[in-house]
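Student: I would like to learn how to read a protein–DNA model. Where do we begin?

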2 protein chains.
Amino acid sequence: MSVLSGKWKFHILGTLIEGDKLGFMDLMREIEGIGTKMLSKELQDLEMNQLITRTVMNTKPVTVQYAITKHGKTLEPIIKELAKWGAAYRDSMTAS
Amino acid sequence: MSVLSGKWKFHILGTLIEGDKLGFMDLMREIEGIGTKMLSKELQDLEMNQLITRTVMNTKPVTVQYAITKHGKTLEPIIKELAKWGAAYRDSMTAS
DNA sequence: CAGAATCCATGCCGATACTG
DNA sequence: CAGTATCGGCATGGATTCTG
């Protein structure tokens with residue numbers, strides 16, 4: 001299941017699930033810490049695996065929209081669980 | 001949530017959840033493909049994060065038992081989901 | 001059996017600069 | 001805006017060997 005490898009895949013998918021239809025810059029802003037290279041690479045991976053779609057708009061400064069596919073949505077419960085678990089995990093660590 | 005990074009963490013956790021109390025060799029056999037270095041390293045990671053326990057037995061050739069902790073069990077639903085998803089994903093790819 | 005140690009290849013991932 | 005190109009560091013992870 002190396003489909004979900006990479007530091008950012010889950011985060012990207014999560015962001016895309018919440019806010020449908022996001023542009024490149026939107027993702028950059030939401031994810032915080034990722035660079036253009038990583039983002040575009042991860043995006044390509046996800047597109048290849050048909051978890052997201054990439055749509056180039058015919059506007060002036062050129063915009064692109066990324067969105068979750070039906071297939072990608074099947075990951076929603078997992079991502080939600082993962083997010084919950086992550087939060088709970090952090091809490092339990094506050095015994096520092 | 002880089003706690004779950006590394007290629008094998010999920011697989012190890014999954015194996016440990018199904019078959020409670022496994023030795024080093026058991027894991028090697030179950031996981032197939034992993035080497036002693038990776039296995040012991042991942043195991044240490046997981047122990048540090050308190051997801052598994054490591055118990056050294058006082059037997060002749062020395063055996064060690066690894067087991068899931070209560071904390072680790074909270075990951076069970078996620079791992080199960082992930083496994084299901086992985087299977088479904090593979091199926092959907094059989095449109096090659 | 002359990003694992004640490006060593007050596008080494010791959011590639012992940014980051015910063016910066018450049019293109020359409 | 002949305003990337004690609006390039007350079008390079010550092011971590012990941014594999015094969016093999018060695019220890020208690």
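Tutor: Begin with a definition. A residue is near a strand if one of its heavy atoms lies within 4 Å of it. Keep in mind that this is a predicted model.

Student: Which residues come nearest to DNA strand D?

Tutor: Of the 18 residues around DNA strand D, five come nearest: A:Arg54, A:Tyr66, B:Lys7, B:Lys37 and B:Met38. Now look at the DNA side. Of the strand D atoms that come within 4 Å of the protein, 64% belong to sugar and phosphate.

Student: Which protein atoms lie by a phosphate oxygen of DNA strand D?

Tutor: Take three cases. In A:Tyr66, a side-chain N or O atom is 2.3 Å from a phosphate oxygen of strand D. For A:Val64 the backbone supplies the N or O atom, at 3.3 Å from a phosphate oxygen. Chain B takes part through B:Trp8, where a side-chain N or O atom is 3.4 Å from a phosphate oxygen of the strand.

Student: Which elements give two or more residues to this surface?

Tutor: In chain A they are α2 (24-31), α3 (36-48) and β2 (63-68). In chain B it is α3 (36-48). The largest share, four residues, comes from α3(A).

Student: How does the surface near DNA strand D divide by class?

Tutor: The surface has eight nonpolar, six polar and four charged residues.

Student: Next, the protein–protein contact. How is the size of an interface often given?

Tutor: It is often given as the accessible area lost when the parts come together. Here chain A and chain B bury about 1,700 Å² between them. Carbon and sulfur atoms carry 79% of that area. On chain B's side, helix α5 (residues 76-92) gives the largest share, nine residues. The residues of that side are eleven nonpolar, five polar and one charged. In total, the contact takes 17 residues from each of the two chains.

Student: How many salt bridges and polar contacts link chain B and chain A?

Tutor: The rule finds zero salt bridges across the interface. Five residue pairs are in polar contact, both residues at pLDDT 80 or more.

Student: Now a single residue. Is B:Thr15 buried or exposed?

Tutor: The cut-off for buried is under 20% relative accessible area. B:Thr15 has 10%, so it is buried. The residue sits in helix α1 (residues 9-18) of chain B.

Student: What is B:Thr15 in contact with, leaving aside its neighbours within four places in sequence?

Tutor: B:Thr15 then contacts B:Leu22, B:Leu27, B:Glu30 and B:Ile31.

Methods
Residues numbered from 1 in each chain as written. Chains lettered and ligands numbered in written order. Predicted model: local features only at pLDDT ≥ 70, side-chain atom pairs only at ≥ 80, totals over all residues. Heavy atoms only, no water. Buried < 20%, exposed > 50% of the residue type's maximum accessible area, 1.4 Å probe, protein only. Contact = heavy atoms within 4.5 Å. Buried area = accessible area lost by both parts, 1.4 Å probe. Salt bridge = Lys/Arg side-chain N within 4 Å of Asp/Glu carboxyl O. Polar contact = N/O pair within 3.5 Å; in protein donor to acceptor, adjacent residues only side chain to side chain. Nonpolar A, V, L, I, M, F, W, Y, C, P; charged D, E, K, R; others polar.
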